[in-house]
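Open the model in your viewer and keep the selection box handy. We'll go stop by stop, with a note on what to pick and what you'll find there.

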Number of protein chains: 2
Amino acid sequence: MTRKVFLSNRPWQEAREEFLATLRAEGYLTELPVEEIEVTAALGRVTAAPVYAAVSSPHYPAAAMDGIAVRAEATFTAGEGNPLELALGHEAVTVDTGDPVPEGFDAVIMIEEVTFEDKGVAVIRRPAVPGQNIRPVGENIKAGELLVPAGHVLTPFDLGGLLSAGVTRVAVRPRPRVAILPTGTELVPPNPNPAPGQILESNGTMLAGLVTLWGGEPQVYPITPDDYRLLKERLLEAVAASDLVLINAGSSAGREDYTAGLVAEVGRVLTHGVATKPGKPVILGMVEGKPVIGVPGYPVSAALCAELFARPLIYYRQGLEPPRREQVRAVLGRKIYSPLGREEFIRVRLEKEGDRLVAHPTSRGAATIMALARADGIVVVPRLAEGFAAGQEVTVYLLRPLEDLAEEAYGSREE
Amino acid sequence: MTRKVFLSNRPWQEAREEFLATLRAEGYLTELPVEEIEVTAALGRVTAAPVYAAVSSPHYPAAAMDGIAVRAEATFTAGEGNPLELALGHEAVTVDTGDPVPEGFDAVIMIEEVTFEDKGVAVIRRPAVPGQNIRPVGENIKAGELLVPAGHVLTPFDLGGLLSAGVTRVAVRPRPRVAILPTGTELVPPNPNPAPGQILESNGTMLAGLVTLWGGEPQVYPITPDDYRLLKERLLEAVAASDLVLINAGSSAGREDYTAGLVAEVGRVLTHGVATKPGKPVILGMVEGKPVIGVPGYPVSAALCAELFARPLIYYRQGLEPPRREQVRAVLGRKIYSPLGREEFIRVRLEKEGDRLVAHPTSRGAATIMALARADGIVVVPRLAEGFAAGQEVTVYLLRPLEDLAEEAYGSREE
């Protein structure tokens, strides 16, 4: 009955660097996959190659106004006191904005400056200048011109630009498929009447939401009980079908915590345990060239672990740098004590007091997901510090835009 | 053949206020619809009512550590020099993290502090304190507690919190369905070989992308040619199936610009024409209690019109305030001249020069969608100003996060 699994206490930065270096060495982050999709379905997708215009815009000389197309040199005699009659269909052709200017015509006179008379005659009182009110070929986009570079996140305006340049399909990075495996005999699907000992499986949906925000395509698998054989089957299935596998939980050293042993059997474990609080019992491994992350079971630990280790992979796998979290400086509302030897991530709520921003630490339990939901940001206590004094200025990594502070009206804020 | 349609030149703010007031008066923005959906599918959705916990979390006294559950009062004699033997299954029960603490037991001793001997005996060398390593019922969430208020955009953490509190379905605002009707006999689906006079239909996808970013559910209809009867049929169909209809284009006063007349026939036109540049020929109307917006055909005009008039509706219809655009101050790289009487929206690129931020106006044509795609922000020249001097400090409304400036490597930036 004796068993002892030792978790390492490495700095997470070191563990992540090794993980990324391994993934780079195996081509996972250097030879990125490509798929070609319709531009109409490419919002938010990342280009895999530069995109060039297929046609010019406009692709013909186009009227820039509603009016009549004329030959400029035939209008030079027109003046206020000298109205000029032009035969419609011959000396002048009516055009609407966007219409092609007929061959041989080189100016457009806007409709407001034209009077029409019977028998198909247009009368003008001002001469036209060559090129006037005509959009030349390629005025906006020239065929062959670079529209967007590789590694670019496509916006609605980009999509409009691509389509107007005749580009209908675009090579993009596939959204990384992320398998999320909830495991544990005690887990049950959420319901309002759980029996004692049953734990409502909520991390799958939380992790799937994070993966979605980071550009990945999550798939939450059905709950797998603590059965080594079943878990192994499920893991191999998930590895084959995905770009990244998150196993939740089973990453600690408890009786039924098979994950590390399993990953070691079918692949290799790079890290088991990092010096963070919460989140210590993390597993970073490789199976068949794919990254597998053992995510701790407590929700806040799971969220932090995903942020530190899954988020960068999902961005890099799309050819993107993970965006840095926005930072603000704030003073601590009270003293924080934090144990030496672990980097602690503390959730804080922010409040404006005059022109100071004050950070109030919230509940620090790893299970208190609503405290994370309500937090405005994170304060990091370094591994070799024992905390911060009340009133000390600290950096806060924002979890939501600062401008939302005033608007929020959570119950917890009135505590 | 004579025809004269007068566009008004109202300030857009006044036109929008009247539009919103009308929609409020008709209940469109005050009696918002509700739908109930699975929490697992509710990422980014807006709550229609406060959400309360269905069960406590934990919903039973739970072990917070792997170890043994004990009766604290039976351990008081234990000490370093006085090891205490506890009979497993009787005086001590092994538990894993999350397991229910059996009836009658009131403390958990962590596994690292226990040695196990043969014949089912656990040995401890330190007394336990009542409640130690036990998470009491409701430690994180109490049944009945407010989880999130109404009008809240659900995050991954919120979803985790709801599920762990036994909440599986949630009442949210339906995503506003936005019908986008590309109209015009000259329009063709994008392709690399258009004939002269054909215009590649690109605004539908651009507008759909914007609607998606604002939380709406766009539906781009097939191209409708300039045929009054067909257009009327399509408009009524779209009004019946949607919360908002964008007709693009046909909002000007050209030969085949039927939109204003059509909206007037089947509903009413509130505004035809606003004093903006670009974007002047806008139509704001109501048909069967639904807003209908006639959006100009030039891409930049279409984007601006959607931003000014469709965006607030889509947010309000979800019970949200439209987020304010982030602003920065910058000095103008060159003089801007802008005509009196129209509020002009000028796209700028931003560059850091030392610690100054310099705004460089880009191409101002209403058709140059790629200039909008590449812009970092917008400078607004008020209706009654004739522009700004070079070097003058102005407000820039950001189109993308400022931190992205350094990273971007567009061709146009090297011009």
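Which residues in H1(B) meet which residues in H6(B)? Select B:Trp12, B:Arg16, B:Phe19, B:Leu20 and B:Leu23 from H1(B), then add B:Leu308, B:Phe309, B:Pro312, B:Leu313 and B:Tyr316 from H6(B). By class, that contact has nine nonpolar residues, no polar ones and one charged. (Ala, Val, Leu, Ile, Met, Phe, Trp, Tyr, Cys and Pro count as nonpolar, Asp, Glu, Lys and Arg as charged, and the others, Gly among them, as polar; contact means heavy atoms within 4.5 Å.)

Before moving on, some ground rules. This is a predicted model, where local features need pLDDT of at least 70, side-chain atom pairs count only at pLDDT 80 or more, and totals for chains, interfaces and linings use all residues. Residues are numbered from 1 along each chain as its sequence is written, chains are lettered from A and ligands numbered from 1 in the order in which they are written, and side-chain values use heavy atoms, with hydrogens and water left out. Helices (H or I, at least four residues) and strands (E, at least two) are DSSP runs, numbered from the N terminus.

**Stop 1: two helix pairs**

Two packed helices are described by the angle between their axes and the distance between the axes. Stay in chain B and show residues 12-25 (H1) and 299-317 (H6): their axes come within 11 Å and cross at roughly 30°. (Axes are lines fitted to C-alpha atoms, for helices over the stretch in contact, and angles run from 0 to 180 degrees between N-to-C directions.) H1(B) and H6(B) are therefore roughly parallel to each other. Angles under 35 degrees count as roughly parallel, over 145 as roughly antiparallel, 65 to 115 as roughly perpendicular and the rest as oblique. The crossing of H1(B) past H6(B) is right-handed. (Right-handed means the near helix is turned clockwise from the far one by less than a right angle, left-handed anticlockwise.)

Now jump to chain A and pick H4 (residues 228-241) with H5 (residues 259-266). Here the axes of H4 and H5 come within 11 Å and cross at roughly 55°, so H4(A) and H5(A) are oblique to each other. H4(A) also passes H5(A) in a right-handed crossing. To see where they touch, show A:Tyr228, A:Leu231, A:Lys232, A:Leu235 and A:Leu236 on the H4(A) side, against A:Gly261, A:Leu262, A:Val263, A:Glu265 and A:Val266 on the H5(A) side. The mix in this contact is seven nonpolar, one polar and two charged residues.

**Stop 2: a covered helix**

Select residues 203-213 of chain A. This is H3, mostly covered, with nine of its 11 residues buried. (Buried means under 20% relative accessible area, exposed over 50%, partly exposed in between, using a 1.4 Å probe and protein chains only.) The buried ones include A:Met206, A:Leu207 and A:Leu210. Part of the cover comes from chain A, including S13 (177-182), S16 (217-220) and H6, and H2 (156-164) of chain B joins in. After H3(A), look for A:Gly215, whose phi is positive, near 100°.

Next, pick A:Ile314 in H6 of chain A. Buried or exposed? A:Ile314 is buried, at 1% relative accessible area. Setting aside neighbours within four places in sequence, its contacts include A:Pro176, A:Val211, A:Trp214 and A:Leu244.

**Stop 3: unusual backbone**

Most residues other than glycine have a negative phi, and most peptide bonds are trans. Zoom to A:Ser57 and A:Pro58, joined by a cis peptide bond with omega about -10°; A:Pro58 is in the loop between S2 (51-52) and S3 (62-63). Another cis bond runs from A:Asn248 to A:Ala249, with omega near 5°, and A:Ala249 is in the loop between S17 and H5 of chain A.

For positive phi, go to B:Asn133, at about 55°, in the loop between S9 (121-124) and S10 (134-135) of chain B. B:Asn133 is partly exposed, at 23%. B:Glu288 has a phi near 50° and counts as exposed, at 58% relative accessibility.

**Last stop: both chains**

Show chains A and B together. A rotation of 180° with 0.1 Å of shift along its axis superposes chain A on chain B, with an RMSD of 0.1 Å. (The fit is by least squares on the C-alpha atoms of residues with pLDDT of at least 70 in both.) The two copies are thus related as by a two-fold rotation axis. In chain A, the C-alpha nearest that axis belongs to A:Pro401, 5.9 Å away.
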